[in-house]
Amino acid sequence: MNKSAAALSPVEDRTLREQVRRQVLDRVLDGHFKPGQKLVETALSSQLRVSRAPLREALRELVDQGILVSEPYKGFRVRPVSERDLTELYSMRTALEKFAFTLAWPLRTPDSLDLLGKRYAELMAIHRTRDQARAIEHEIAFHSWVYETTDHRLLMTHWSRLSQLVRIYMSLHHNLHGSHGVFGKMTTRYRELAGGDSLDAMLSHIDEHMAQGFDSVLKALR
């Protein structure tokens with residue numbers, strides 16, 4: 001028997017599953033699927049023109065990421081949002097981002113700041129297109145910069161998990177305000193301070209930035 005042939009594994013159609021996952025996630029981020037809304041598998045399967053197997057694989061992956069929840073005999077729902085969830089998320093995110101900047105501050109290089117500038121430009125450009133799902137992904141990438149700069153593996157793992165929930169709350173914020181002027185001003189100021197000389201000013205801005213976002217999303221939730 002040919003040993004090389006025996007070592008081969010079955011090929012999975014990951015591309016199909018990923019396309020389904022991406023489309024469902026986009027509909028959550030653009031506000032088409034609301035927090036707490038039940039997802040009807042038969043309707044999704046028909047609209048996407050896929051069988052139930054890749055659909056369920058994609059939905060389970062979104063459950064693992066914290067975007068959806070699965071309940072026995074009830075199926076899948078978009079993760080519901082509560083005021084307590086919101087309070088805990090923003091307090092945790094504020095603490096993590098300030099800690100990340102404290103670690104990253106002496107590690108910034110011209111190349112890393114160029115990368116931040118590139119992500120900032122991409123974020124501002126995508127906001128002008130009004131593609132909300134893509135704008136949220138670029139916003140996550142923009143804020144991921146500081147965690148990547150720390151090269152702190154445990155911190156990056158925590159941010160990776162938290163960022164899945166942040167996506168849902170960002171969608172609430174964007175559904176309420178869209179691409180408003182305050183967002184641009186705050187994001188521009190964030191980028192300027194991240195490349196500046198004052199860590200204290202950066203940390204103060206994070207408090208302000210997060211508090212404003214919390215108040216805005218809380219209004220959308222209510």
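Which residues in H6 meet which residues in H7? The legends below, drawn from a predicted model, take up this question and then turn to other close-up views.

**Figure 1. Contact between helix H6 and helix H7.** Helix H6 covers residues 110-128 and helix H7 covers residues 132-150; their axes come within 9 Å and cross at roughly 165 degrees. Because an angle over 145 degrees counts as roughly antiparallel, H6 is roughly antiparallel to H7. The crossing of H6 past H7 is left-handed. On the H6 side, the residues that meet H7 are Ser112, Leu113, Leu115, Leu116, Arg119, Tyr120, Glu122, Leu123, Ile126 and His127. On the H7 side, their partners are Arg134, Ala135, His138, Glu139, Ala141, Phe142, Ser144, Trp145 and Glu148. Sorted by class, this contact of H6 with H7 holds 10 nonpolar, four polar and five charged residues.

**Figure 2. Contact between helix H5 and helix H7.** Helix H5 (residues 83-104) packs with H7 at an angle of about 50 degrees, and the two axes are 8 Å apart. This angle makes H5 oblique to H7. H5 and H7 cross in a left-handed manner. From H5, the contact involves Arg93, Leu96, Glu97, Ala100, Phe101, Leu103 and Ala104. From H7, it involves His143, Trp145, Val146, Tyr147, Thr149 and Thr150. The contact of H5 with H7 comprises eight nonpolar, three polar and two charged residues.

**Figure 3. The largest nonpolar core.** This core has 58 residues, and those that touch the most other members are Leu39, Phe101, Val146, Tyr169 and Met202. Helix H8 (residues 153-177) supplies nine residues, the largest share of the core. Two of the core residues named here also take part in the contact shown in Figure 2, namely Phe101 of H5 and Val146 of H7. As a general tendency, nonpolar side chains in soluble globular proteins are buried together.

**Figure 4. The surroundings of Tyr169.** Tyr169 is among the core residues that touch the most other members. When residues up to four places away in sequence are not counted, Tyr169 touches Val81, Asp85, Leu86, Leu89 and Val217.

**Figure 5. Arg21 and Leu25 in helix H2.** Helix H2 spans residues 14-29 and contains Arg21; Leu25 lies in helix H2 as well. Are these residues buried or exposed? Arg21 has a relative accessibility of 10% and therefore counts as buried, since the cut-off for buried is under 20%. Leu25 is buried too, with a relative accessible area of 3%. With neighbours within four places in sequence left aside, Arg21 is in contact with Ala58, Glu61, Leu62 and Gln65. On the same basis, Leu25 is in contact with Leu62, Ile67 and Glu137. Leu62 is thus a contact of both Arg21 and Leu25. Leu25 and Val78 are 53 residues apart along the chain, and their C-alpha atoms are separated by 9.7 Å.

**Figure 6. The setting of these views in the whole protein.** The protein contains 10 helices and three strands. Read from the N terminus on, its elements follow the order α-α-β-α-α-β-β-α-α-α-α-α-α. Of its 222 residues, 42% are buried. Among contacts with a separation of 6 or more, 74% join residues 24 or more positions apart.

Technical notes. Residues numbered from 1 in each chain as written. Predicted model: local features only at pLDDT ≥ 70, side-chain atom pairs only at ≥ 80, totals over all residues. Heavy atoms only, no water. Core = buried A, V, L, I, M, F, W, Y, C linked by side-chain atoms within 4.5 Å. Buried < 20%, exposed > 50% of the residue type's maximum accessible area, 1.4 Å probe, protein only. Helix = DSSP H or I, 4+ residues; strand = E, 2+ residues; numbered from the N terminus. Contact = heavy atoms within 4.5 Å. Axes fitted to C-alpha atoms, helices over the stretch in contact; angles between N-to-C directions. Parallel < 35°, antiparallel > 145°, perpendicular 65-115°, else oblique. Left-handed = near helix turned anticlockwise from the far one by under 90°. Nonpolar A, V, L, I, M, F, W, Y, C, P; charged D, E, K, R; others polar.
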